[in-house]
Amino acid sequence: MKEAGIDGPSPVFMRSSGGLSKAHTSIVTQLRTGHAHLNRHWWRIGLREGPDCDECGEEETVKHFVMECRGYRSQRQRMKRAMGKDAEFTLATVLGTEKGVAALIDYVQETRRWTGFMRGIRPI
Ligand SMILES: [Zn+2]
């Protein structure tokens with residue numbers, strides 16, 4: 001069997017993105033590349049005064065949004081639970097495993113952080 005190239009999306013991601021809508025695949029890709037619709041990104045491209053998170057005031061990076069922000073603590077607890085208690089909970093497992101991506105999509109929806117972007121898009 002041919003080894004997957006290290007430059008392309010991981011086989012796990014390709015399989016897991018197969019069942020996702022276009023919008024959800026796009027969000028996961030944004031989070032994986034760091035070009036997510038979060039405040040640090042808007043600030044970097046000149047569309048915001050600062051990179052700070054609206055929830056807590058810290059810089060809103062992908063890692064902050066997914067792993068750290070205390071404004072989304074209860075949603076994050078549900079994401080952890082959805083991945084299973086034996087699953088390792090890191091940015092890599094959330095963005096790079098099938099269960100992680102599925103739990104992440106629910107998390108993104110629950111935080112409503114992409115509400116404007118998601119408007120008019122049917123949930124899966
Ligand atoms: Zn925050």
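This report walks through a predicted model of an all-helical protein, from its overall fold to a few individual residues.

## Overall fold and confidence

The protein contains 8 helices and 0 strands. Reading along the sequence therefore gives the pattern α-α-α-α-α-α-α-α. Of its 124 residues, 23% are buried. Among contacts with a separation of 6 or more, 48% join residues that are 24 or more positions apart.

How confident is the predictor? The mean pLDDT is 84, and 78% of the residues reach 70 or more. Two stretches call for care. Over residues 1-6 pLDDT stays under 50, and the model has 2 contacts for them beyond four places in sequence. Residues 117-124 also stay under 50, with 6 such contacts. Where pLDDT is low, the predicted coordinates should not be read in detail.

## The nonpolar core

Which residues touch the most other members of the largest nonpolar core? This core has 19 residues, and the answer is Val28, Leu31, Met79, Ala103, Leu104, Tyr107 and Val108. At least two core residues come from each of helix 2 (22-33), helix 4 (62-68), helix 5 (73-83) and helix 7 (98-111). Helix 7 gives the most, with 6 residues.

Val108 is a good residue to click on first. Setting aside residues up to four places away in sequence, Val108 touches Ile27, Arg113 and Trp114.

## Helix 2: one side in, one side out

The 12 residues of helix 2 should span 16 Å at 1.5 Å a residue, and its end C-alpha atoms are indeed 16 Å apart. Its buried residues are His24, Ile27, Val28 and Leu31. They cover an arc of only 95° around the axis, so they sit on the same side of helix 2. An α-helix has 3.6 residues a turn, so residues three or four places apart point the same way.

On the other side of helix 2, Lys22 and Thr33 are exposed. Just after this helix comes Gly34, with a positive phi of about 85°.

## Helix 5 and its cover

Helix 5 buries Arg76, Met79 and Met83. Seen down the helix axis, these residues fall within an arc of 55°, so they line one face of helix 5. The cover over them includes helix 7.

Turned away from that buried side is a face carrying the exposed residues Ser74, Gln77 and Arg81. Gly84 follows helix 5 and has a positive phi, near 100°.

## Helix 7 and the residue after it

Helix 7 has 14 residues and reaches 20 Å from its first C-alpha to its last, close to the 20 Å expected at 1.5 Å a residue. Its buried residues are Gly100, Val101, Ala103, Leu104, Ile105, Tyr107 and Val108.

Arg112 follows helix 7, in the loop between helix 7 and helix 8 (115-118). Its phi is near 55°, a positive value in a residue other than glycine. Most residues other than glycine have a negative phi, and most peptide bonds are trans. Is Arg112 buried or exposed? Arg112 counts as exposed, because it has 11 C-beta neighbours inside 10 Å.

## Three more residues to look at

Gly19 lies in the loop between helix 1 (11-18) and helix 2. Gly19 counts as exposed because it has 12 C-beta neighbours inside 10 Å. Gly19 and Ala102 are 83 residues apart along the chain, yet their C-alpha atoms are separated by 9.5 Å.

Trp42 belongs to helix 3 (residues 39-44). With 16 other C-beta atoms within 10 Å, Trp42 is partly exposed. Leaving aside neighbours within four places in sequence, Trp42 is in contact with Leu47 and Arg48.

Asp54 is in the loop between helix 3 and helix 4. Asp54 is exposed, since 11 other C-beta atoms lie within 10 Å of its own. From Asp54 to Leu38 the C-alpha distance is 9.9 Å, and the two are 16 residues apart in sequence.

Technical notes: Residues numbered from 1 in each chain as written. Predicted model: local features only at pLDDT ≥ 70, side-chain atom pairs only at ≥ 80, totals over all residues. Core = buried A, V, L, I, M, F, W, Y, C linked by C-beta atoms within 7 Å. Buried ≥ 20, exposed ≤ 12 C-beta atoms within 10 Å, placed from the backbone. Helix = DSSP H or I, 4+ residues; strand = E, 2+ residues; numbered from the N terminus. Contact = placed C-beta atoms within 7 Å. Arc of directions from axis to C-beta. pLDDT = per-residue confidence, 0-100. Expected span 1.5 Å × (residues − 1).
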